[in-house]
Amino acid sequence: MATATEPKARLDLKEALREIHIMAGLDNTSSSTPQKRKPLAIGVTSATFGDGKTTVAIALAASLSEDFAADVTLVDADFHTHSVGREYGLQGEDGLSEVLAGTRPLEAVTHRVARAKMSVITAGSTPADPARMARSQHLTDLIENMKSANEYVVIDLPAGLHSMNTPVLAKRCDGVVVVVRAGHTTKQDLERLLHLLKDSNVLGIVVNRQSSSVPAWVKRTLNIKN
Amino acid sequence: MISGKLIETIFHRLWLLAIPLVLTPLLVLALTARADSFESRSTVWVSTPIGDAQPSVGQSSAYLSPAQNQVQALNDLLSTELFRQTVARTAGIVSASDSPATVAAVAVRMSIAASATGVNLLTITARAVSPERAQAVASAVVTSYQNRGTQEVQRSAASSQEYYTQQLGLAQQTLTKRREDLASYLRANPKAADPTNAASLDLNYRAIISQVDQQVKVVDGLVQSLQNVDLRLASAPQSQQASFAIQDPASRPIAPLAVSSTKRFGLPFAGLLFGVLISCMYVYFKFRTDHTIRTSADLEGIDVPLLGTVPDLRPGGTLARYTPLGWYLGWRQRDFARRTAASISGSSTANAGGPV
């Protein structure tokens, strides 16, 4: 729960994520007959590097875990950056690629985040043939396996315009969140990414790092939307 | 409906847009700023020299007034470096010890103008950084021009004097020879000297008499011309002063020239408008070439819903956001947003290496 002493940045981020929960249909608390919902695998991708997809994936997984007290696993499927492992101090640890290669069991590479109902699986070492790995039945089974143990599986996918594994991996997910960086991602790049993801269930778009220099009174006067 | 992206483009680089608005007028002010300038005027009465159709300096046109003729000659001289240097030396604004380059530079920078203000009135205007210098330059122009005129008259008269003297000598020699011929004829024919005698009607005698008379007239004409030249030579300074007489001596200005309102306010205002134009062009260029997604309005036409927006998470408060401190903090804490995201779960550490 947010406290009065909680940093403003974190409060802002959590509020933004709650909106995403609602808009993406991830919030089941409004249901009049609460029932355990079907586990979901949610992929998070973006057009290019640096758009903030890993940040959104981490925040989404953490907020789902905290807000819904749900078991969540955050999987780093971006073999290019290994960002998730670095963030949680798991550099060099075995991860998804080792599980897919069959050298390590899933349980051995799943790391529990302290004081949270959340687990992290790093990307592991860079596989020799990531395309074959992305298309393997083993990956589908692995995701199903993770879903059976969690309510949400958040997968940090590679940047869509830099890796053609992204559309393949996205199809394995129940839904995909596309992150665009305000003032950085072009409309052309977004349209191209969405075209690549045409066979996936794109839940929607999250505009990341949005800031406005326009004073509020100007926005009110000119009736400008955010 | 005003485009939100356009407004965002304007406010996003508001400080950048303010630069031309401030710098351009300042630049105009700096470029058009001048030190105080003083103006001295001298009025000269100009007339055509008596007995001479041409002015002492230059050529005259029958269609122009004496003042206009003199203005043309004076402006021609003022366009020459040598005359300007003479003026500078006469005005005392360069010294004998100054290098030729210094003298030339000072001479070129002098602001002098001559204009006809009447049929016979010519005004010489000089501008300088001090009242004394302006007055000295205006006076020096008049003096230098008068000296130049005197020199021109004397040179021309000396040349004429030499010519007439030479011609007079030849004419007198011819006259002497013809008188000798007449005397020889009378010695041979004494009766021809008597006008009542028929010998005085001899054709040869009459021809000799006529030649002597003609040569006498030639000599008399040359003597008259020589006297005129002598007179002109002797009176050159006086006649030049008479034809180029100072009516009003160079004035000493008591206040600097007033700066025109156009220069004081108009040019900076024009600079401001130019700055506005530059800013507008910059905004328009950025707006037209910005194809990035900034607001939800930019997602129109894309058949995917907007789930939400994540604010730009930066360390520091609002004040630090637009200051170098904010940029420094942002650079130092590049992973601030990711760490904030990880902190939502309460911890950003995992049991490394250990299974669940």
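Here are some worked exercises on a predicted model with two chains, A and B.

Before you start: residues are numbered from 1 along each chain as its sequence is written, and chains are lettered from A in the order in which they are written. Because the model is predicted, local features need pLDDT of at least 70 and side-chain atom pairs count only at pLDDT 80 or more, while totals for chains, interfaces and linings use all residues; side-chain values use heavy atoms, with hydrogens and water left out.

**Exercise 1. Take stock of the two chains.**

Step 1: Count the elements. Helices (H or I, at least four residues) and strands (E, at least two) are DSSP runs, numbered from the N terminus. Chain A has 10 helices and 7 strands, and chain B has 12 helices and 5 strands.

Step 2: Check burial. Buried means under 20% relative accessible area, exposed means over 50%, and partly exposed is in between (1.4 Å probe, protein chains only). In chain A, 54% of the 226 residues are buried; in chain B, the share is 35% of 356 residues.

Step 3: Look at contacts (heavy atoms within 4.5 Å). Take the contacts in chain A between residues at least 6 apart in sequence: 76% of them join residues at least 24 apart. For chain B, the matching figure is 73%.

**Exercise 2. Follow strand β5 of chain A and its partners.**

Step 1: Find the strand. β5(A) covers residues 152–156, and 5 of its 5 residues are buried.

Step 2: Sort the side chains. In a regular strand the side chains alternate between the two faces of the sheet. Here Tyr152(A), Val154(A) and Asp156(A) sit on one side, Val153(A) and Ile155(A) on the other, and all are buried.

Step 3: Name the partners. Two strands pair if DSSP finds at least two bridges between them. β1(A) runs parallel to β5(A), with 5 bridges joining them, and Gly43(A) stands opposite Ile155(A). β2(A), residues 72–76, also pairs with β5(A) in the parallel sense, over 5 bridges. Two of the residue matches are Val72(A) with Tyr152(A) and Thr73(A) with Val153(A).

Step 4: Go on to the next strand. β2(A) pairs with β4(A), residues 118–121, in the parallel sense over 4 bridges, and Leu74(A) has Val120(A) as its bridge partner there. Both faces of β2(A) are covered, with Val72(A), Leu74(A) and Asp76(A) buried on one side and Thr73(A) and Val75(A) buried on the other.

**Exercise 3. Is Thr45(A) buried or exposed, and what does its side chain meet?**

Step 1: Place the residue. Thr45(A) belongs to strand β1 (residues 40–46) of chain A.

Step 2: Apply the cut-off. Its relative accessible area is 0%, so Thr45(A) is buried.

Step 3: Look for a polar contact (a pair of N or O atoms within 3.5 Å; within protein, one must be able to donate a hydrogen and the other to accept it, and residues adjacent in sequence count only if both atoms are side-chain atoms). A polar atom of the Thr45(A) side chain lies 2.7 Å from the backbone oxygen of Pro158(A).

Step 4: List some neighbours. Leaving aside residues within four places in sequence, Thr45(A) is in contact with residues including Lys53(A), Leu157(A), Val177(A) and Leu197(A).

**Exercise 4. Describe two loop residues with positive phi.**

Step 1: Start with Ala69(A), in the loop between α2 (53–68) and β2 of chain A. Its phi is near 50°, a positive value in a residue other than glycine. At 43% relative accessibility, Ala69(A) counts as partly exposed.

Step 2: Repeat for His82(A), in the loop between β2 and α3 (83–87) of chain A. The phi of His82(A) is near 55°, and its 24% relative accessibility makes it partly exposed.

**Exercise 5. Describe how chains A and B meet.**

Step 1: Count residues. The contact takes 69 from chain A and 51 from chain B.

Step 2: Give the buried area (the accessible area, 1.4 Å probe, that two parts lose on being put together, summed over both). It is about 5200 Å², with 61% from carbon and sulfur atoms.

Step 3: Find the salt bridge (a side-chain nitrogen of Lys or Arg within 4 Å of a carboxyl oxygen of Asp or Glu). The count is 1: Arg209(A) meets Asp312(B) at 3.3 Å, N to O.

Step 4: Check for strand pairing. β7(A), residues 202–210, and β5(B), residues 306–311, run parallel and are joined by 4 bridges. Ile205(A) has Leu306(B) as its bridge partner.
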